[in-house]
Amino acid sequence: MSEYQKMISSQPYNCIAPELTQLRREAARRYRRFNRAEEEDEQQVLLQELVGELAEGAFICPPLYYTYDRHIHLGKNSYINMGATLLDNAPIRIGAEVMIGPNVHIYTAVHSLEADERVQGGETAQPITIEERVWIGGGAILLSGVTIGQEAIVGAGAVVTKDVPAGARVAGNPARILPAKRVERTS
């Protein structure tokens with residue numbers, strides 16, 4: 001099994017293997033081309049070529065940075081603001097009508113915690129799922145393997161280390177669920 005096959009099947013792999021290094025270099029050439037495009041129509045055409053899935057009405061603002069590009073799936077009418085960093089060593093699945101603020105980082109990859117393994121390229125990657133109608137505030141960081149439930153809100157600057165339930169609001173480092181605001185009704 002190749003290092004790429006291990007990576008996309010969430011098995012331990014060698015992130016500095018020549019085949020992966022080559023794929024990352026090719027991907028970097030593609031995102032640099034996208035980031036230099038001046039017209040939105042040209043950017044949209046390039047996005048169709050870059051990502052694994054770009055549904056109708058979905059858009060990503062440049063600059064955009066990613067590892068491989070082919071593992072990014074963006075649902076209908078979803079929007080990623082400028083400065084996104086998507087380490088798509090495993091699939092990143094973004095549902096419909098998701099709003100992602102500027103400078104959000106999504107990391108599917110995790111280096112080994114053992115120094116000897118880490119310097120030899122030991123790494124694993126777990127998919128990240130963002131369900132429909134989620135809002136992720138600017139500067140948030142989503143770590144490997146998390147799922148953000150439908151209609152959840154991730155506050156600006158939050159570091160999400162575990163799953164966020166549907167409808168929850170989280171903020172902080174590490175992100176914690178915020179208490180629901182009570183709405184006072186008047187007659």
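# Asking "why" about a predicted model

User: Why does His71 count as buried?
Analyst: This is a predicted model, and in it His71 has 8% relative accessibility. Buried means under 20%, so 8% puts His71 in that class.

User: Where is His71?
Analyst: You'll find His71 in the loop between S4 and S5.

User: What makes the pairing of His71 and Tyr4 a polar contact?
Analyst: Check the distance: the two side chains come to 2.7 Å. The cut-off is 3.5 Å between N or O atoms, with one able to donate a hydrogen and the other to accept it, so 2.7 Å passes the distance part of the test. The side chain of His71 also has a polar atom 2.7 Å from the backbone oxygen of Asp88.

User: Which residues does His71 touch, leaving aside neighbours within four places in sequence?
Analyst: Tyr4 and Asp88 turn up again, along with Met7, Ile8, Asn89, Ala90, Pro91 and Ile92.

User: What about Val51: why is it called buried?
Analyst: Val51 comes out at 7% relative accessibility. With the limit at under 20%, Val51 therefore counts as buried. Val51 sits in the loop between helix H3 (40-50) and strand S2 (53-54).

User: How far apart are the C-alpha atoms of Val51 and His71?
Analyst: They are separated by 6.8 Å, although the two residues are 20 residues apart along the chain. Skipping its neighbours within four places in sequence, Val51 is in contact with Ile60, Asp69 and Ile72.

User: Why do Cys15 and Cys61 count as buried?
Analyst: Cys15 has 11% relative accessibility and Cys61 has a relative accessible area of 14%. Both values are under 20%, so both cysteines are buried.

User: How many disulfides are there in the whole structure?
Analyst: Zero turn up in the search. The test is a pair of cysteine sulfur atoms within 2.5 Å, so zero disulfides tells you that no pair passed it.

User: Which residues have the most contacts inside the largest nonpolar core?
Analyst: That core has 43 residues, and the best-connected ones are Leu86, Ile100, Ile106, Ile130, Ile136, Leu142 and Ile148. Elements giving it two or more residues include helix H2 (18-36), H3, S3 and strand S7 (84-87). H2 gives the most, with four residues. Apart from this core lies another one, of 10 residues, among them Tyr4, Met7, Cys15 and Ala125.

User: What does Ile148 touch, not counting residues up to four places away?
Analyst: Its contacts are Thr129, Ile130, Glu131, Val134, Leu142, Val154, Val160 and Val164.

User: How do you know that S4 and S7 pair?
Analyst: Count the bridges: three join S4 to S7, and these strands run parallel. Pairing takes at least two bridges, so three is enough. Tyr66 stands opposite Leu86 in S7.

User: What is the bridge partner of Leu86 in S10?
Analyst: That's Ile106. S7 and strand S10 (residues 105-107) also pair in the parallel sense, over three bridges.

User: What makes S14 and S17 a pair?
Analyst: Strand S14 (residues 135-136) and strand S17 (residues 153-154) share two bridges in the parallel sense. The minimum is at least two, so S14 and S17 just make it. Here Trp135 stands opposite Ile153 in S17.

User: Which strands are in the open sheet of seven, and in what order?
Analyst: The order is S3-S6-S9-S14-S17-S19-S20, with mixed pairing. Strand S3 (59-60) and strand S20 (176-177) are the edge strands, as each pairs on one side only.

How values were computed. Residues are numbered from 1 along each chain as its sequence is written. This is a predicted model: local features need pLDDT of at least 70, side-chain atom pairs count only at pLDDT 80 or more; totals for chains, interfaces and linings use all residues. Side-chain values use heavy atoms; hydrogens and water are left out. Buried means under 20% relative accessible area, exposed over 50%, partly exposed in between (1.4 Å probe, protein chains only). Contact means heavy atoms within 4.5 Å. A nonpolar core is a set of buried Ala, Val, Leu, Ile, Met, Phe, Trp, Tyr and Cys residues joined through side-chain atoms within 4.5 Å.
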